[in-house]
Amino acid sequence: MSTNKLSVLLVEDNQEIANQIVTYLEQKGVLVDYAASGKVALNLIQNNVFDLVILDLMLPDADGYDLCGQLKNHAKHHLPVLMLTARDSLNDKLQGFEKGADDYLTKPFALEEVYMRCLALSRRVKLHQEKITSVGELTLDTGQKTVQRQGQAISLSQTDFTILEILVMAYPNAVSKRELVQKVWGDDAPETDAVRSHIYTLRNGVDKPFEQAMIKTVHGIGFKLVINE
């Protein structure tokens, strides 16, 4: 995706930080709109189409976690959200992902990293819209529900395929166990440790027959896909 076509909504009440982000992104050819409150952000979402939102959690009129869900619900299409906040604990991050965040960046931050994460999120959305998606030597056809690695077909159960698809769409970021449970089972989550069981069978199909493992456990968070690690 060309950066001059990337449209971003920045929701940030700190004027100095907002000016820095807007100036840097515009220098990179990104179109940036700005909201200093949740009310203005919701109005902009309802009347415009953005590729993604950069959302500060500490706003004067709204809880950032709740606003994340509202922005996604009011958007005219799938809208990725990059949470930008000083809240840097693991629980804060997990809560952010549970509320629908697609990525999470803590303050202080480098402007270049904000830009690169915006590019990564926009690329991920584009991949999500395509039926065939690849991560390294792994290829998913979401239309046919088929998986290949190094050109070899891999047989997976429907649940295993769904989990792998979530990991592919999140690449290179990790996905928490809670997020996997919510996306795969919703309110009908099994009482047993189903995620770990399915990760085991998924590894048997995706990793075991090959030299390098692609499914990695991120301790304290969840799981992610890696390439040549």
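**Exercise 1. Salt bridges across the chain**

Task: State how many salt bridges a search of the whole structure finds, then place the pair Lys107 and Glu12 in the chain.

Solution.
- Step 1. The search of the whole structure gives 12 salt bridges. The model is a predicted one.
- Step 2. Lys107 pairs with Glu12, and their closest N and O atoms lie 3.1 Å apart. The cut-off is 4 Å, so the pair qualifies.
- Step 3. Locate both partners. Lys107 sits in the loop between β5 (103–106) and α5 (111–129). Glu12 sits in the loop between β1 (7–11) and α1 (15–27). They are 95 residues apart, and the pair links distant parts of the chain.
- Step 4. Check the cover on the acid. Glu12 has a relative accessible area of 1%, so this residue is buried.

**Exercise 2. Salt bridges within helices**

Task: Explain how Glu113 and Arg117 are placed in helix α5, and do the same for Glu179 and Lys183 in helix α7.

Solution.
- Step 1. Recall the principle. Side chains of opposite charge can pair when their charged atoms come close.
- Step 2. Take helix α5. Glu113 and Arg117 form a salt bridge, with 2.8 Å from N to O. The two residues are four apart in the helix, so about one helical turn separates them.
- Step 3. Judge the exposure of this pair. Glu113 is partly exposed at 33% relative accessibility. Arg117 is partly exposed at 21%. The lower limit for this class is 20%.
- Step 4. Take helix α7 (residues 177–185). Glu179 and Lys183 are again four residues apart, about one helical turn. Their salt bridge has an N to O distance of 2.8 Å.
- Step 5. Judge the acid here. Glu179 is buried, at 12% relative accessible area.
- Step 6. Now look for shared partners. Salt bridges join Glu12, Asp56 and Lys107 into one network.

**Exercise 3. Cysteines and disulfides**

Task: Find the number of disulfides in the whole structure, and explain why Cys68 and Cys118 are not bonded to each other.

Solution.
- Step 1. The search returns zero disulfides.
- Step 2. Start from Cys68. The closest cysteine sulfur is in Cys118, 14 Å away, which is too far for a bond.
- Step 3. Start from Cys118. The closest cysteine sulfur is in Cys68, at 14 Å, again too far.
- Step 4. Apply the cut-off. A disulfide needs sulfur atoms within 2.5 Å.
- Step 5. Add the burial. Cys68 is buried at 0% relative accessible area. Cys118 is buried at 1%.

**Exercise 4. One face of helix α3**

Task: Name the buried residues of helix α3 (residues 64–74), then say what covers them.

Solution.
- Step 1. The buried residues are Gly64, Tyr65, Leu67, Cys68 and Leu71.
- Step 2. Look down the axis of α3. Its buried residues fall within an arc of 160°, so they line one face of the helix.
- Step 3. List the cover. It includes the strands β1, β3 (52–56), β4 (81–85) and β5. It also includes the helices α2 (38–47) and α4 (90–98).

**Exercise 5. The overall fold**

Task: Compare the radius of gyration of the protein chain with the value for a compact globule, and describe the chain as a whole.

Solution.
- Step 1. Count the elements. The protein chain has eight helices and 12 strands.
- Step 2. Set the expectation. A compact globule of 229 residues would have a radius of gyration near 17 Å. The protein chain has 18 Å, which agrees.
- Step 3. Add the dimensions. The C-alpha trace spans about 55 × 40 × 30 Å along its principal axes.
- Step 4. Check the burial. Buried residues make up 43% of the 229 residues.
- Step 5. Check the contacts. Among those with a separation of 6 or more, 58% are between residues 24 or more positions apart.
- Step 6. Check the surface. The accessible surface is about 11,800 Å², and 47% of it belongs to carbon and sulfur atoms.

**Exercise 6. Two partly exposed residues**

Task: Locate Gln152 and Gly143, and give their distances to Lys39 and Asp193.

Solution.
- Step 1. Gln152 is in strand β9 (residues 152–154). At 43% relative accessible area, Gln152 is partly exposed.
- Step 2. Leave out residues up to four places away in sequence. Gln152 then touches Val147 and Phe210.
- Step 3. Gln152 and Lys39 are 113 residues apart in sequence. Their C-alpha atoms are 51 Å apart in space.
- Step 4. Gly143 is in the loop between β7 (138–141) and β8 (146–149). Gly143 is partly exposed at 43% relative accessibility.
- Step 5. Gly143 and Asp193 are 50 residues apart along the chain, with 29 Å between their C-alpha atoms.

Conventions: Residues numbered from 1 in each chain as written. Predicted model: local features only at pLDDT ≥ 70, side-chain atom pairs only at ≥ 80, totals over all residues. Heavy atoms only, no water. Salt bridge = Lys/Arg side-chain N within 4 Å of Asp/Glu carboxyl O. Buried < 20%, exposed > 50% of the residue type's maximum accessible area, 1.4 Å probe, protein only. Rg over C-alpha atoms; globule rule 2.2 N^0.38 Å. Contact = heavy atoms within 4.5 Å. Areas by Shrake-Rupley, 256 points an atom, 1.4 Å probe, with all protein chains shown as cover. Arc of directions from axis to C-beta.
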